[in-house]
Amino acid sequence: MARLRTFFGGPGGDGVRPGAVAAVAGVAFALWALSGFYLVQPNEQAVVTTFGSYSRSAGPGLNYHLPMPIERVEKVAVTSLNRIDIGGADGADVPEESLMLTGDENIVDLDFSVTWRVADAARYIFTIRDPEEAVKAVAESAMREVVGRSDLESILTRGRGEVQAQAAELMQQTLDSWGAGVSVVEVQIRNANPPQEVVGAFREVANAGQDAESAVNEANTYRNRVINEAKGDAARIVSAAEGYREQAVREATGEASRFNQIYAEYRAAPAVTRERLYIETMQRVLENSNKVIIDSQGATAPIILPPDVFRPRGAAPAAPQGPVATGNEAPGARNAQ
């Protein structure tokens, strides 16, 4: 205390020394000036305001602003993902949010989530008073509009992806028109079912549709099998016909060529050719016959023939018998059976 009195006291202990006041003021001013330094993290964006009005934005790193109350800094996480559940979460259903009217005048119980992040920190802070409530309201409105243009069956089955994409696009357009500084990352339908009161009837309809589809698939399978078999039979018949045609053509060609050759021989030696044709024809006619041709001219003794000569061709051999004797017939007789 004595030192403080000495430091602040004037000559003779009266009054305050001017140098001490200046030193205190300098230290206070230095501390006030140093309070303007601030650090922005990599996932943040800083918004600087001058007397409450937007001045500038600052990126990650060490930055400086005029100390309060001249300028203030508000940091916003711009890379962090935020999620809002609409229609209920953790098993708690909110009917006023989840029940929606479809384009075919059905009702669907739909729960979905919206993932979003801050795209522009300045707009995020100054444009919308409650950004989370604004995003939730826009998401519910956009989803109801998209569902109102879609059929119930497409929402419950293969059309979910299209509904999600259209809802996200409509949300982004609305938020951009407001200048909200929010970017919609994803819209995901977590659950989509008919209302509990009609689940049983809807399942019966779905089962009937599956049975009908199964019957159609079986009919298509049978049709394909029959068509393939018919095509196979037709191809086989066509192939056989083509083979027969080729065979007939070749045989006709061969016969014509043979005829031309015989005709050429006939023109060269008609008598010899006629004799040869006669002999070949008789050979073809009689080679399968059980007749025996005997020329009795000049014969002086009985002609003995084996019994197998008179057996029909292809029959089993008969029991051995004595030879059959034939007498001489009148001259000129040609055959005996």
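**Notebook: buried residues, a sheet and a helix pair**

I looked up valine 47 first and found 1% relative accessibility; under 20% counts as buried, so valine 47 is buried. The model I am reading is a predicted one.

**Valine 47, continued.** I placed valine 47 in strand β2. I then asked which residues valine 47 touches, leaving out those up to four places away in sequence. My list has Tyr54, Arg56 and Ser57, then Arg72, Val73 and Glu74, and finally Ala121, Ala122, Ile125 and Phe126. For alanine 121 I also noted the spacing: 74 residues from valine 47 in sequence, yet 6.8 Å from C-alpha to C-alpha.

**The sheet around β2.** I wanted to know in what order the strands of this sheet run. I read the order as β3-β2-β5, three strands in an open sheet with antiparallel pairing. Strands β3 (53-58) and β5 (71-77) are at the edges with a single partner strand each, so each has one side without a neighbour in the sheet. From one strand to the next I noted an average twist of 30°.

I went on to the pairing of β2 with β3. Strand β2 covers residues 44-50, and five bridges join β2 to β3 in the antiparallel sense. Which residue in β3 stands opposite valine 48? I found arginine 56 there. Arginine 56 is also among the residues that valine 47 touches.

**Serine 98.** Is serine 98 buried or exposed? I read 0% relative accessibility, so serine 98 goes down as buried. Serine 98 is in helix α3, which covers residues 95-98. Beyond four places in sequence, I listed Gly87, Asp93, Val108, Asp109, Leu110 and Asp111 as the residues that serine 98 touches.

**Serine 183.** I located serine 183 in strand β11, residues 182-193. Its relative accessibility is 18%, and the cut-off for buried is under 20%, so I count serine 183 as buried. With residues up to four places away left out, serine 183 touches Trp116, Arg117, Ala119 and Gln172. I checked alanine 119 for distance: its C-alpha is 5.6 Å from that of serine 183, and 64 residues separate the two along the chain.

**Helices α8 and α9.** I asked at what angle α8 and α9 pack. Helix α8 (residues 199-268) and helix α9 (residues 270-286) pack at about 135°, and their axes are 6 Å apart. I therefore entered α8 as oblique to α9.

I wrote out the residues that meet. On the α8 side they are Arg258, Ile262, Glu265, Tyr266, Arg267 and Ala268. On the α9 side I have Pro270, Thr273, Arg274, Leu277 and Glu280. Sorted by class, the contact holds five nonpolar, five charged and one polar residue.

**Whole chain.** I closed with the totals. The secondary structure comes to nine helices and 15 strands. Of 337 residues, 24% count as buried, with valine 47, serine 98 and serine 183 among them. I noted an accessible surface of about 23100 Å² for the chain, and 55% of that belongs to carbon and sulfur atoms.

My last look-up was on contacts along the sequence. Taking contacts with a separation of 6 or more, I found that 63% are between residues 24 or more positions apart. I put the valine 47 contact with Ala121 and the serine 183 contact with Ala119 beside this entry, with separations of 74 residues and 64 residues.

Conventions: Residues are numbered from 1 along each chain as its sequence is written. This is a predicted model: local features need pLDDT of at least 70, side-chain atom pairs count only at pLDDT 80 or more; totals for chains, interfaces and linings use all residues. Side-chain values use heavy atoms; hydrogens and water are left out. Two strands pair if DSSP finds at least two bridges between them. Helices (H or I, at least four residues) and strands (E, at least two) are DSSP runs, numbered from the N terminus. Axes are lines fitted to C-alpha atoms, for helices over the stretch in contact, and angles run from 0 to 180 degrees between N-to-C directions. Buried means under 20% relative accessible area, exposed over 50%, partly exposed in between (1.4 Å probe, protein chains only). Contact means heavy atoms within 4.5 Å. Accessible areas come from the Shrake-Rupley method with a 1.4 Å probe; for residues, only the protein chains shown count as cover. Angles under 35 degrees count as roughly parallel, over 145 as roughly antiparallel, 65 to 115 as roughly perpendicular and the rest as oblique. Ala, Val, Leu, Ile, Met, Phe, Trp, Tyr, Cys and Pro count as nonpolar, Asp, Glu, Lys and Arg as charged, and the others, Gly among them, as polar.
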